[in-house]
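Please load the model in the viewer and keep the selection panel at hand. The tour proceeds by successive selections.

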Amino acid sequence: MTMTEASTSILERILVKTREGVARRREAVPYQSLEKLALETPILADFVGSLRSPGTSVIAEFKRASPSKGKFPVDLVPHEVAAEYVAGGAAAMSILTDEPFFQGQITDLSDAARIAHAARAPMPILRKDFIVDEYQILEARAAGADAILLIVAALDQTDLTRLAQFADEIGIATLVEVHDLPELERAAAIDAPVIGVNNRDLNTFKVDLATTEALAPYRPDGVVFVSESGIFTRGDVTRLEAVGVDAVLVGESIMLAPDRAAAIRTLRGA
């Protein structure tokens with residue numbers, strides 16, 4: 001098996017598991033019941049507006065594990081981590097809710113949202129998952145998310161357009177993730193207000209900030225431009241600022257820091 005075939009099979013396995021999980025949850029909680037709950041849950045923070053604040057915004061991620069590194073060797077309580085992120089001045093908090101591959105759960109999001117939304121300036125919550133169905137978007141809003149992630153590589157253009165429109169209809173923001181120029185063009189075609197460049201190559205699994213640098217000249221006018229993955233130091237952020245990013249999404253380096261609030265301040269240059 002080639003590296004490309006291996007990477008494709010990993011994404012396909014994730015998507016198969018995702019669809020199986022959605023089907024099980026729809027049996028347990030019917031769509032109409034979840035829709036009613038979701039639409040009764042207010043959107044409490046402005047995800048897009050928060051990322052447009054002066055300076056480079058930090059989207060601080062909460063995740064328990066990754067497929068490549070396994071479970072992180074730290075005790076993690078979502079609402080406690082959310083409090084640290086608020087103290088550090090994070091513009092938003094990303095929460096990985098995928099269970100089979102990242103050991104996440106939707107209750108991580110709802111737990112963190114209690115603290116994030118109670119802050120003096122409410123911190124938006126992004127549900128980071130492999131979204132393939134409107135049901136997951138309703139789950140996100142019902143749990144307190146202000147935004148969701150849509151991964152272009154995981155969706156054809158019809159599904160990408162449909163899910164983005166549905167999110168907009170129920171008032172939840174989207175971060176549309178791309179990896180290369182064709183995907184960036186697909187994101188631009190749906191007028192995505194926030195586009196994130198994942199610096200992790202899906203074929204080789206290597207992480208290179210040059211991915212963001214290469215795509216930056218092609219960013220559509222007016223979008224919030226985010227760089228994701230491989231960002232560990234203030235120097236990395238400065239490098240990305242030079243090509244005009246508005247925000248960075250950082251997970252591992254913050255999660256493993258002994259003082260997470262201080263780590264965020266350092267990345268922000270505060």
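Which residues lie nearest the centre of the second largest pocket? In this predicted model, they are Gly21, Arg25, Ile106, Arg127 and Glu139, among the 23 residues that line the second largest pocket. Select these five residues first.

**The pocket and its lining**

Next, extend the selection to the whole lining of the second largest pocket, which has a volume of about 460 Å³. Colour the lining by class: nine residues are nonpolar, six are polar and eight are charged. Then display helix H1 (3-28), helix H2 (31-40) and helix H6 (134-143), each of which supplies at least two residues of this lining. The largest share comes from H1, with six residues.

**Helix H5**

Now select helix H5, residues 106-116. Which of the residues of H5 are buried? They are Asp108, Leu109, Asp111, Ala112, Ala113 and Ala116. An α-helix has 3.6 residues a turn, so residues three or four places apart point the same way. To see what surrounds the buried residues of H5, add strand E1 (57-62), helix H4 (78-88), strand E4 (92-96) and strand E5 (125-128), against which they pack. Helix H6 is also one of their packing partners, and H6 has already been displayed as a contributor to the pocket lining.

**Ala216**

Move next to Ala216, in the loop between helix H9 (210-215) and strand E9 (224-228). Is Ala216 buried or exposed? Ala216 counts as buried because its relative accessibility is 7%, under the cut-off of 20%. Show Phe225 and Val243 as well: apart from neighbours within four places in sequence, these are the residues in contact with Ala216. Finally, add Leu181, and draw a C-alpha to C-alpha distance from Leu181 to Ala216; the two are 35 residues apart in sequence and 9.9 Å apart in space.

**The whole chain**

Clear the selection and view the protein chain in full, with its twelve helices and ten strands. The C-alpha trace spans about 50 × 45 × 40 Å along its principal axes. The radius of gyration is 17 Å, which agrees with the value near 18 Å that a compact globule of 270 residues would have. Colouring by burial will mark 52% of the 270 residues as buried. A surface display shows an accessible surface of about 12000 Å², of which 53% belongs to carbon and sulfur atoms. For a contact map, consider the contacts with a separation of 6 or more: residues 24 or more positions apart account for 68% of them.

Terms used:
Residues are numbered from 1 along each chain as its sequence is written. This is a predicted model: local features need pLDDT of at least 70, side-chain atom pairs count only at pLDDT 80 or more; totals for chains, interfaces and linings use all residues. Side-chain values use heavy atoms; hydrogens and water are left out. On a 1 Å grid over the protein atoms alone, a cavity is a set of points where a 1.4 Å probe fits but cannot get out, and a pocket is an open set with protein on both sides within 12 Å along at least five of seven lines; lining residues have an atom within 4 Å of a point. Grid points are joined across faces, edges and corners, and a volume is the space filled by probe spheres set on the points. Helices (H or I, at least four residues) and strands (E, at least two) are DSSP runs, numbered from the N terminus. Ala, Val, Leu, Ile, Met, Phe, Trp, Tyr, Cys and Pro count as nonpolar, Asp, Glu, Lys and Arg as charged, and the others, Gly among them, as polar. The radius of gyration is taken over C-alpha atoms; the globule rule is 2.2 Å times the number of residues to the power 0.38. Buried means under 20% relative accessible area, exposed over 50%, partly exposed in between (1.4 Å probe, protein chains only). Contact means heavy atoms within 4.5 Å. Accessible areas come from the Shrake-Rupley method with a 1.4 Å probe; for residues, only the protein chains shown count as cover.
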